[in-house]
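Student: I've just opened this model and I'm not sure where to begin. Could you walk me through it?

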Amino acid sequence: MRVAVLGGDGFCGWPAALHLSANGHDVSIVDSLVRRRADEELGVQSLTPIASLADRVAAWQEVTGRQISTVEFDVAHDYDALVAFLDDTRPDAVVHFAEQRSAPYSMKTPWHKRYTVDNNLNATNNLLVALIELGLETHVIHLGSMGVYGYETVPVDLPEGYLTVSYPDRNGEMRSRDILYPTNPGSVYHMSKSLDQLLFQFYGRNDDMRITDLHQGIVWGTQTDETELDPRLINRFDYDGDYGTVLNRFIIEAAIGYPLTVHGTGGQTRAFINIRDTVKCIRIAVESGDQVTGRVRVMNQMTETHRVSELAELVADTLGAEINMVANPRQEADANELVVRNDHLLGLGLDPITLDSGLLVTEADLARKYGDRIDQSRIPAKSYWNSNRRSAVEGSSD
């Protein structure tokens, strides 16, 4: 299949592009390289040294004999370039990673909030409109977030996107319909993913588009089978307070002897997935596109749930570390329960990787290998959800 990967230079996009290519697909990457510029803005670098995109794809061809083409433009703001690219490549599937992916980054300042909404919604809308304009029947696979559901404790297994509701009409007759599970985003980033859902529902219904929306959990791990083939193919490893996901941050902290930073009570329960499973899920979604008919297909892309405090204890016991409970910069409940359905991906053949697989040790070894690249001042989270959270965090450090 011809597959375009928008945002194919990023943490999930790069290994996904390699995995698709390794499995015989003709892959093209579109990226504006904005994630690299965010490193410059924040004054932090990936733990792992990242080659240029040109060097990455050259290394991939050298190692495997497979070609990945690349083009640089901004999907959110260069609509003409997007149309020209899609018209030229006419992909069977487009994997849409071209969005700002960090909740803390989206909450840093008014500019970051505006940027996240502007970039994420424009990128999604531009892609859908361009495909319609060209009359392409391309299957769109979007990387969404489990965070669209919110993290309230509800005694129900979170369904995959839709909730069946019943209600009486004006004649007293009971009606039943499927609706999107009510969203409850916890950040501007998660709000943008919630709004993406509405764009998909509208264009899917109005223009008979084939769309898969993957509600992904928190990604942990760094390397995949493909990125391990050559040092020039290595994936990003973000550890800073803005882009470092919680488990990767814990691994870094344990590797360098820095106390594990558990926000608030640590009672927050989250959904997780290993990066190796992320790329497999993307491929499974691409290759099962002929099953997408009618309404938007929503799949929960996660493999397990953990309470953050329990996760910290697991890392501390496995790698040897102290745990430090710190004030929470986020506006969220102190604790929640979370049970999630992921029947679609399991039914399509996913064999999940879990945290007891020994990969924690492998990731810690990687962190120690590049430990001289760590700036410890960048580890603490310094993006505050509101003024009350800022006061609570800053007051706790006095």
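**Getting oriented**

Student: In what order do the 7 strands of the open sheet run?

Tutor: The pairing in this sheet is parallel, and two strands count as paired if DSSP finds at least two bridges between them. The names come from DSSP runs numbered from the N terminus: strands are E runs of at least two residues, helices are H or I runs of at least four. The order of the 7 strands is β3-β2-β1-β4-β5-β8-β12.

Student: Which are the edge strands there?

Tutor: Look for strands that pair on one side only. That description fits β3 (68-71) and β12 (297-301).

Student: How much does the sheet twist from one strand to the next?

Tutor: Angles here run from 0 to 180 degrees between N-to-C directions, using axes fitted to C-alpha atoms (for helices, over the stretch in contact). From one strand to the next, the twist averages 20°.

Student: What kind of model is this?

Tutor: Residues are numbered from 1 along each chain as its sequence is written, and side-chain values use heavy atoms, with hydrogens and water left out. Local features need pLDDT of at least 70, side-chain atom pairs count only at pLDDT 80 or more, and totals for chains, interfaces and linings use all residues; it's a predicted model.

**Strand by strand**

Student: How many residues of β2 are buried?

Tutor: "Buried" means under 20% relative accessible area, "exposed" over 50%, and "partly exposed" in between (1.4 Å probe, protein chains only). Strand β2 covers residues 26-30 and is mostly covered. Of its 5 residues, the number buried is 4.

Student: Which residue of β2 stands opposite A4?

Tutor: Strand β1 (residues 2-6) pairs with β2 in the parallel sense over 5 bridges. Opposite A4 in β2 you'll find S28.

Student: What is the handedness of the crossover from β1 to β2?

Tutor: Point the strands away from you: if the path from the first strand over the helix to the second runs clockwise, the crossover is right-handed. Here the chain leaves β1, passes through helix α1 (residues 13-22) and reaches β2. This β-α-β crossover is right-handed.

Student: Which residue of β12 is the bridge partner of L214?

Tutor: Strand β8 (residues 210-216) pairs with β12 in the parallel sense over 5 bridges. The partner of L214 in β12 is M299.

**The other sheet**

Student: What is the strand order in the open sheet of 3 strands?

Tutor: Its pairing is mixed. The order is β9-β11-β13.

Student: Which residue of β13 is the bridge partner of A271?

Tutor: Strand β11 (residues 269-274) and β13 pair in the antiparallel sense over 4 bridges. Within β13, the partner of A271 is T305.

Student: At what angle to β11 does helix α9 run?

Tutor: Helix α9 (residues 275-287) packs on this sheet and touches β9 and β11, with contact meaning heavy atoms within 4.5 Å. The directions of α9 and β11 make about 75°.

**Inside the fold**

Student: Which element gives the largest share of the largest nonpolar core?

Tutor: A nonpolar core is a set of buried Ala, Val, Leu, Ile, Met, Phe, Trp, Tyr and Cys residues joined through side-chain atoms within 4.5 Å. This one has 39 residues, and V75, L86 and L128 touch the most other members. Elements giving two or more residues are β1, α4 (79-89), α6 (110-134) and α7 (188-207). The largest share, 7 residues, comes from α6.

Student: Why is C281 in no disulfide bond with C12?

Tutor: A disulfide needs two cysteine sulfur atoms within 2.5 Å, and a search of the whole structure finds 0. C281 is buried, with a relative accessible area of 0%, and C12 is also buried, at 7%. The sulfur of C281 is too far for a bond because the closest cysteine sulfur, in C12, is at a distance of 11 Å.

Student: Is E99 buried or exposed?

Tutor: E99 lies in the loop between β4 (93-96) and α5 (103-106). Beyond its neighbours within four places in sequence, E99 is in contact with N119, N120, T124, H142, L143, K193 and D196. With a relative accessible area of 11%, E99 is buried.
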